[in-house]
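Here is an informal walk through one protein chain, written for someone who likes to have the coordinates open alongside. Have a look at the fold before reading on.

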Amino acid sequence: MARIQTVIDIKRMKFIDFVLGSFTQNDQSASSSIVQWVRKGDIVIRDLGYFAIATFEKLIKAEVYFLSRLKYGVKITDEQGKELGLNKILRQGRMVDQWVFIGIEKKIKARLVMLPLPKEQAAEKIRKAKQDRDKRLNHCKQYYQWLSYISYITTVPEDI
């Protein structure tokens with residue numbers, strides 16, 4: 001078994017890096033490899049598997065924008081450090097777009113963007129979560145509400 005990690009410049013449609021590695025190296029452990037390839041003003045688009053706050057922090061220091069899916073359960077706080085509970089953030093059916101801080105040990109400032117999914121799509125995601133074969137997963141009501149949104153964090157400002 002093998003795992004392929006790639007960096008693609010989608011503006012020019014060219015591979016920047018292409019690494020064949022061990023299947024045991026997960027995406028999150030490869031997350032920081034992007035830092036060597038980026039320059040100030042670039043935007044890095046990440047899948048949820050690459051969610052790593054330490055890497056986001058490095059990208060911010062390098063003045064590189066990023067866009068990533070938000071991992072469920074990540075601590076979200078306001079500028080005063082007060083935790084923003086998902087119940088307050090998730091207003092059923094409304095888009096969310098606000099600057100927050102994410103993380104516990106390392107807190108980074110990011111723009112939280114949550115878009116409500118069409119009812120059919122949300123219902124399908126919830127149905128699949130309820131049928132999860134792993135009985136250790138005991139999804140809470142809040143998690144099912146979370147599934148009704150697509151949730152991103154980004155450092156791209158509103159004017160861009």
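What follows covers the sheet, a surface patch, one residue and its neighbours, and the salt bridges. Keep in mind that this is a predicted model.

**The sheet**

Let's start with the strands. Six of them, in the order S3-S4-S8-S7-S6-S5, make an open sheet with mixed pairing. S3 and S5 (76-77) sit at the edges with a single partner strand each, so one side of each has no neighbour in the sheet.

Moving through the order, S4 (residues 65-69) and S8 (residues 149-154) pair antiparallel over 3 bridges. If you want a landmark there, Leu-67 has Thr-154 in S8 as its bridge partner. S8 then pairs with S7 (residues 108-116), again in the antiparallel sense, over 6 bridges, and here Val-113 stands opposite Tyr-152 of S8. S7 also pairs with S6 (residues 96-102), antiparallel over 7 bridges. In that pairing Ile-102 is found opposite Ile-108 of S7.

Which helix lies across this sheet's strands S3, S4, S6, S7 and S8? That's H1 (residues 53-61), which runs at about 110° to S7.

**A nonpolar patch**

Now for the surface. Ile-4, Ile-8, Ile-10, Met-13, Phe-15, Phe-18, Leu-20, Ile-43 and Ile-45 form a nonpolar patch there, and together they have about 1000 Å² of accessible area. Strands S1 (2-9), S2 (14-22) and S3 (43-46) supply at least two of its residues each, with the largest share, 3 residues, coming from S2. One of the patch members, Leu-20, is in strand S2 and counts as exposed because its relative accessibility is 62%.

**Ile-16 and its surroundings**

Ile-16 is another residue of strand S2. Is it buried or exposed? Somewhere in between: Ile-16 is partly exposed, at 34% relative accessible area. Setting aside neighbours within four places in sequence, Ile-16 is in contact with Val-7, Ile-8, Asp-9 and Trp-37. Ile-8 belongs to the nonpolar patch described above, while Asp-9 turns up again below, in a salt bridge with Arg-12. For a sense of scale, Ile-16 and Ile-104 are 88 residues apart in sequence and 33 Å apart in space, C-alpha to C-alpha.

**Salt bridges**

How many salt bridges does a search of the whole structure find? The count is 6. Here are three of them, with their N to O distances.

| Pair | N to O distance |
|---|---|
| Asp-9 and Arg-12 | 2.7 Å |
| Lys-40 and Glu-63 | 3.4 Å |
| Glu-124 and Arg-127 | 2.6 Å |

In the Asp-9 and Arg-12 salt bridge, the two ends sit in contrasting settings: Asp-9 is buried at 17% relative accessibility, whereas Arg-12 is exposed at 54%.

The Lys-40 and Glu-63 salt bridge links distant parts of the chain, with Lys-40 in the loop between S2 and S3 and Glu-63, 23 residues away, in the loop between H1 and S4. Lys-40 counts as exposed at 63% relative accessibility, and Glu-63 as partly exposed at 47%.

Glu-124 and Arg-127 are 3 residues apart in helix H3 (residues 119-130), which means that about one helical turn separates them. Glu-124 is partly exposed at 31% relative accessibility, and Arg-127 is partly exposed at 37% relative accessible area. Lys-128 joins in here too, in a network of salt bridges with Glu-124 and Arg-127.

How values were computed: Residues numbered from 1 in each chain as written. Predicted model: local features only at pLDDT ≥ 70, side-chain atom pairs only at ≥ 80, totals over all residues. Heavy atoms only, no water. Patch = residues over 30% accessible without salt bridge, like charges linked within 9 Å, V, L, I, M, F, W, Y side chains within 5 Å. Areas by Shrake-Rupley, 256 points an atom, 1.4 Å probe, with all protein chains shown as cover. Salt bridge = Lys/Arg side-chain N within 4 Å of Asp/Glu carboxyl O. Helix = DSSP H or I, 4+ residues; strand = E, 2+ residues; numbered from the N terminus. Buried < 20%, exposed > 50% of the residue type's maximum accessible area, 1.4 Å probe, protein only. Pairing = 2+ DSSP bridges. Contact = heavy atoms within 4.5 Å. Axes fitted to C-alpha atoms, helices over the stretch in contact; angles between N-to-C directions.
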